[in-house]
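Me: Please take a close look at the site of the ligand in this structure. Which residues surround the ligand, and which polar atoms does the ligand meet?

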Amino acid sequence: MESNKQPLKTPLQKAARDGFTTGLGVILVTMGSAVGLGNIWKFPYMVGAFGGAAFIIVYLISTLLVGLPVMISEHMLGRTAKADAITTLQKLAPKKQPWWLIGASGVLAAFVIMAFYSEVIGWVLAYIVKAASGSLLTTDPNVTGAAFAQVIGNPWLSLIVQWIVIIYVSVIILAGVSKGIEAAVKKLMPALLIMLLIVCIRSLTLPGAGEGVAFLFEPDFSKLTGAAIMTALGLAFFKLSIGMGTMITYGSYFRDDQDIPISATKVMLGDLGVSLLAGLAIFPAVFVYGVQPDAGPSLLFITIPTVFASMPAGNIFMLIFFVLSAVAATGAILSLFEVPVAFLSDHYGMSRKKATLSTAIALALVGSLAALSSNVLSGVSIFGLNFFDLFDYVSQNILLPVGGLFICIFVGWVWGFGKIKDALSNKGDLQNSGIIRVFFFLVRWVSPILILVILLSGLGVIKI
Ligand code: TRP
């Protein structure tokens, strides 16, 4: 707990800061942030919609050339400044340069993402109850479709499940960084892995599972459109929880002896592993029972239940599947929630209690726009999207990549090689100058140019 001993410069920061306690804790908690509904809800439906393995390859390239450098940058900045996202950039940037805006856009993004994310977790909770009661045991997608429409069409139900999520997340956050977040995620991650393996084994041992495996691993590049490439990049940001200050905030709780390039690589690989396991849990079964894999966002809530209902002892596996989704999502939303809480307490010296309560209330307000988007507010559309879809689209495809772009520019061009070398070698303790040079080249040239090209092509400014 006492790893952060540097004196804090802001007069408002008096008490010693809480932090993660062990090296393993850092990796588990950071992985807990990355692993979430992105792996179970987004990754499979995007792989399904954009043609399987070819999309996965583009996604992999995005995580390696863009995701990893941005994650390392964020961890490094946070650990150096030991403060929330906004204060970190204020402390590290040259005087009068407004780099703190990256942190500000991050706090905004935290609310935008949590607004729809908390609602999806709420649906998962509703589905846990449904799965336990056996009411989802049907192989008819019309019936599961009607069940889903009933959940999202009910305004009170939508609000209440979201409030339940906000309340239990607040309770964990209130307990602190080490005793709350770290303690909870250390229990959640192993449980998640065990449950995921159980469902994978079930799915892979179904007769005819090979077709689903082939879909995941045999690329068909003819399906790779510009939209698919932009989606893969956005997904890499969303998946790795980067581009908005979550990883700056978590980096500020890292220990000084943490080897950042190595731990970030482990987190990236672990997250990829969970995504692939989720794919192996879902696609073999999807193909065995002859349902379409390209169902879109409703794959998890409409298609998947029919798949489970078709298999022997399906109700048990369905229940395990939705519980593991809730478990995965909890580690992720904790990391989002911590961004404004850290900001309010580091920057304004607010007590953790007050900061948590303010964040929870603000989230309940913004979140209600997402919760009510399929019922009371279903007539409201902005750029043709309801609030839920708008929050999802804007955060994944605009706020996160733009945030990531500016983080690269700041680290590669403003902060400079000397400070990077100091920070990533732990002031010379680590012999990793080769890794640092590769990182510097990526963050200075490769990552920002790739982000820019993909963003511009996504906006239709250039054609690739
Ligand atoms: N990475 C998480 C997921 O895949 C979601 C998440 C948590 C996130 N924190 C984030 C996304 C910060 C973007 C930014 O479900």
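Reply: What follows describes the ligand site, from the surrounding shell to the polar contacts and the cavity.

This is a predicted model, in which local features need pLDDT of at least 70 and side-chain atom pairs count only at pLDDT 80 or more, while totals for chains, interfaces and linings use all residues. Residues are numbered from 1 along each chain as its sequence is written, and side-chain values use heavy atoms, with hydrogens and water left out.

The ligand is surrounded by 17 residues, a residue being near if one of its heavy atoms lies within 4 Å of the molecule; the closest are Ala34, Gly38, Tyr117, Phe238 and Lys239. By class, this shell has 9 nonpolar, 7 polar and 1 charged residues, where Ala, Val, Leu, Ile, Met, Phe, Trp, Tyr, Cys and Pro count as nonpolar, Asp, Glu, Lys and Arg as charged, and the others, Gly among them, as polar.

Turning to polar contacts, which are pairs of N or O atoms within 3.5 Å, one oxygen atom of the ligand lies 2.5 Å from an N or O atom in the side chain of lysine 239, and an oxygen atom of the ligand is 3.0 Å from a polar backbone atom of leucine 37. A nitrogen atom of the ligand is 3.0 Å from an N or O atom in the side chain of serine 241. Of the 360 Å² that the ligand exposes when taken alone, the protein buries 100%, with accessible areas taken from the Shrake-Rupley method with a 1.4 Å probe.

Two or more residues of the shell come from each of α1 (23-34), α2 (37-49), α5 (100-133), α10 (226-239) and α14 (314-348), helices being DSSP runs (H or I) of at least four residues, numbered from the N terminus.

Conventions
Polar contact = N/O pair within 3.5 Å; in protein donor to acceptor, adjacent residues only side chain to side chain.
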